[in-house]
Amino acid sequence: MKKSSVSSLVWIGSVVLTIGAVLAAQYLREPSVPPVVAAAAPDTVVVYKSPTCGCCLKWVEHLQQAGFTVETHDEPQMSLVKTRLGVPEALGSCHTATVNGYVIEGHVPAEDIRQLLAKRPKAKGLAVPGMPIGSPGMEMGDRVDPYQTLLFDGQGRSSVFSRHGTASAAPVKASSINPQPPS
């Protein structure tokens with residue numbers, strides 16, 4: 001066989017191996033999270049949750065009862081979702097969502113999400129850290145432990161957006177984050 005034929009075969013083999021490696025890497029990579037600006041309909045809440053979490057399903061039902069359209073995605077590695085969407089670790093809960101360019105972390109009441117969408121402050125999103133009893137999806141009879149919905153920005157700063165489960169549960173103005181529409 002001529003030297004040029006061998007070179008051609010080696011080159012073609014290299015191309016085929018490279019294409020195969022690229023396709024295999026795409027097939028085997030970890031599940032990807034669609035970008036925050038995914039093409040969801042306005043006011044559609046896109047929820048990322050663990051496949052086995054019951055309280056997440058109850059929160060989804062809460063949103064649907066409040067009139068939101070909800071799209072759910074089961075994600076076995078929620079920490080990757082939270083990291084990609086910029087949720088500060090200190091504000092973490094069991095599920096993460098996006099709506100109209102905002103991130104919603106945890107058991108945020110639908111009324112707070114509606115207020116966020118109406119006011120459009122310059123912020124990353126809202127969070128209810130942990131899993132407070134009495135928050136949507138975490139109901140236990142009439143018990144509602146005091147908790148706060150926090151407004152947070154891309155640098156991890158947060159301020160109180162609203163209070164729940166107390167005598168003074170009326171929403172408060174978020175003071176430390178600029179109330180300008182997100183860019």
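## Salt bridges, strand pairing and helix packing in a predicted model

The structure holds four salt bridges, and it is a predicted model. Three of these contacts are described here, followed by the strands, helix α2 and the cysteines.

### Salt bridges

One of the salt bridges joins the side chains of glutamate 105 and lysine 82, with an N to O distance of 2.7 Å. Because glutamate 105 belongs to strand β4 and lysine 82 to helix α3 (residues 78-85), this pair ties together parts that lie 23 residues apart in sequence. Glutamate 105 and lysine 82 are both buried.

A further salt bridge is formed by the side chains of arginine 143 and aspartate 145. Arginine 143 is partly exposed, with a relative accessible area of 44%, and aspartate 145 is likewise classed as partly exposed, at 23% relative accessibility. In the salt bridge between arginine 157 and aspartate 153, the two partners fall into separate classes of exposure. Arginine 157 counts as partly exposed at 47% relative accessibility, whereas aspartate 153 is buried, its relative accessible area being 7%.

The distances for these pairs are listed below.

| Basic residue | Acidic residue | Distance, N to O |
|---|---|---|
| Lysine 82 | Glutamate 105 | 2.7 Å |
| Arginine 143 | Aspartate 145 | 2.8 Å |
| Arginine 157 | Aspartate 153 | 2.6 Å |

### Strands β3 and β4 and their partners

Strand β3 is covered on both faces: Thr96 and Thr98 are buried on one side, and Ala97 and Val99 are buried on the other. In a regular strand, side chains alternate between the two faces of the sheet.

Strand β3 pairs with β1 in the antiparallel sense over three bridges. Within this pairing, threonine 98 of β3 is the bridge partner of valine 46. Strand β3 also pairs with β4, again in the antiparallel sense, over four bridges. Here threonine 98 stands opposite valine 103 of β4, while threonine 96 stands opposite glutamate 105 of β4. Glutamate 105 is thus met again, as the residue whose side chain forms a salt bridge with lysine 82.

The link between β3 and β4 is a hairpin with two residues between the strands. Asparagine 100, in the turn, has a positive phi of about 45°.

Strand β4 is mostly covered, with five of its five residues buried. In addition to its pairing with β3, β4 pairs with strand β5 (residues 125-128) in the parallel sense over four bridges. Valine 103 has glycine 125 as its bridge partner in β5, and this valine also stands opposite threonine 98.

### Helix α2

Helix α2 spans residues 54-65 and has 12 residues. From its first C-alpha to its last it reaches 17 Å, close to the 16 Å expected at 1.5 Å a residue. The buried residues of α2 are Cys55, Cys56, Trp59, Val60 and Leu63. These residues cover an arc of only 150° around the axis, which means that they lie on the same side of α2.

The buried residues of α2 pack against β1 (44-49), β2 (69-74), β3 (96-99), β4 (102-106) and α4 (110-119). Just after the helix, glycine 67 adopts a positive phi of about 100°.

Valine 70 illustrates the contacts between β2 and α2. This residue is found in strand β2 and is buried, with a relative accessible area of 18%. When neighbours within four places in sequence are left aside, valine 70 is in contact with Val45, Val47, Val60, Leu63 and Gln64; Val60 and Leu63 are among the buried residues of α2. Valine 70 and threonine 44 are 26 residues apart in sequence, yet 5.5 Å apart in space, C-alpha to C-alpha.

### Cysteines

The count of disulfides comes to zero, for a cut-off of 2.5 Å between cysteine sulfur atoms. Cysteine 55 is in no disulfide, and the nearest cysteine sulfur, that of cysteine 53, is 3.3 Å away. Cysteine 55 is buried, with a relative accessible area of 12%. Cysteine 94 is also in no disulfide; the nearest cysteine sulfur to it belongs to cysteine 55, at 3.5 Å. Cysteine 94 counts as buried at 15% relative accessibility.

Methods. Residues numbered from 1 in each chain as written. Predicted model: local features only at pLDDT ≥ 70, side-chain atom pairs only at ≥ 80, totals over all residues. Heavy atoms only, no water. Expected span 1.5 Å × (residues − 1). Buried < 20%, exposed > 50% of the residue type's maximum accessible area, 1.4 Å probe, protein only. Arc of directions from axis to C-beta. Contact = heavy atoms within 4.5 Å. Pairing = 2+ DSSP bridges.
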